[in-house]
Amino acid sequence: GIALSGGADSQLLAKNIFSNFHDLESITIGYREQSKHDESLSARNFANKLGMRNHLRKISKSDIPELFKQACAALDEPISDITSINYLEIFKEAKKRHMKVLITGHGADEIFFGYNWLIRAIKQAEVRCETLSGNFHIRQYLRLLPKYRITRLFVLSEILNYVEIYFSIIRQCISDLIDARNKINSIDFYELSSIHRKQSNFSSRLRNSIEDSEDFSRKFPISSKDNFVNLARSQMILDYLRINGFLQIDKISMKNSIESRNPLADFKLAEIASKSAWNPNKTPLKGQIQGQIFNIFKIGY
């Protein structure tokens, strides 16, 4: 089977595998309540177009507390990532359908810069590097503001998002100036991302514990500026993908006696990507070229 969503990664795999193995079946997660994150309709339409059988498993808000307990039991620790609950239900469905191997599209976002927040963090790192080097210019920070079409500024959610980013950049500017005065000469991609900067008493203790670990480094010297893109990607693979992504999939699949496979994280593909001249600051993001990806492989969109 294959875990199928509405995105390019899993659908690209499904198309190529199904063309050679027509017994392939897909499993999709949906939500009983209305949600902008629900891709089940897109996934089901895609499966129908291929002629591939699709199994839909829906989750309700009321299910989350119990599913979170089950996910924590499978993972041996609490992880506040909604994907753990989704994968838990996917592998449950796979077991119910007597599948022995389940394929996922996991890994492409980490290798090919599928996260917008990571691209912003790289750009913010470059600006921070200039400030810490004594080359502060306010216009550099203003360039970090996203470009919005006028029509989008009439949407309340877009306005709130813009305001949040604006104040995030102001905070970074002040923080960078203070660090420059204190002779700090390092950057941290996660700290630069507003969605990963949520603080609490527990998270601060956890962060200190992580920073004390000898084999876990998130800080890079500003002298590495010309290599920020590769450093960010390697960190995403070794940290975000390996520790967060694969660890969850591996433990949850074992909990349900399923073998999981992640073709888009194949080491050869990672090597090709890391040796390429891929520059996310100049190359369109994966989400922006998704339609082109579908057209290239003639799988519709």
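## Ser10 in helix 1

Ser10 is buried, with a relative accessible area of 4%; this value falls in the buried class because that class covers anything under 20%. The description rests on a predicted model. Ser10 belongs to helix 1, which covers residues 8-18.

When neighbours within four places in sequence are set aside, the contacts of Ser10 are Ile2, Ala3, Leu4, Ser5 and Gly105.

## Overall composition

The protein contains 13 helices and seven strands. Of its 301 residues, 40% are buried. The exposed surface of the protein amounts to about 17,700 Å², of which carbon and sulfur atoms supply 54%.

Contacts between residues at least 6 apart in sequence were also examined by separation along the chain: 75% of them join residues at least 24 apart.

## Ser80 and the loop before helix 4

Ser80 is located in the loop between helix 3 (64-75) and helix 4. Ser80 is exposed, with a relative accessible area of 80%; the exposed class applies because the value is over 50%.

Phe68 lies 12 residues from Ser80 along the chain, and the C-alpha atoms of the two residues are separated by 8.7 Å.

## Helix 4

Helix 4 comprises 15 residues, 82-96. At 1.5 Å a residue, helix 4 should span 21 Å, and the 22 Å between its end C-alpha atoms agrees with that expectation.

Many positions of helix 4 are listed as buried: Ser84, Ile85, Asn86, Tyr87, Leu88, Glu89, Ile90, Phe91, Glu93 and Ala94. The list includes the charged residues Glu89 and Glu93 as well as nonpolar ones such as Ile85, Leu88 and Phe91. After helix 4 comes His98, which has a positive phi, near 60°.

## Packing of helix 6 against helix 8

Helix 6 (residues 116-132) and helix 8 (residues 156-181) have axes that come within 9 Å and cross at roughly 35°. The crossing of helix 6 and helix 8 is right-handed.

On the helix 6 side, the residues in contact are Gln124, Arg128, Thr131 and Leu132. Their counterparts in helix 8 are Gln172, Asp176, Leu177, Asp179 and Ala180. By class, this contact is made up of three nonpolar, three polar and three charged residues. In an α-helix, residues three or four places apart point the same way, because there are 3.6 residues a turn. Gln124, Arg128 and Thr131 are among the helix 6 residues that meet helix 8.

Methods
Residues numbered from 1 in each chain as written. Predicted model: local features only at pLDDT ≥ 70, side-chain atom pairs only at ≥ 80, totals over all residues. Heavy atoms only, no water. Axes fitted to C-alpha atoms, helices over the stretch in contact; angles between N-to-C directions. Helix = DSSP H or I, 4+ residues; strand = E, 2+ residues; numbered from the N terminus. Left-handed = near helix turned anticlockwise from the far one by under 90°. Contact = heavy atoms within 4.5 Å. Buried < 20%, exposed > 50% of the residue type's maximum accessible area, 1.4 Å probe, protein only. Areas by Shrake-Rupley, 256 points an atom, 1.4 Å probe, with all protein chains shown as cover. Expected span 1.5 Å × (residues − 1).
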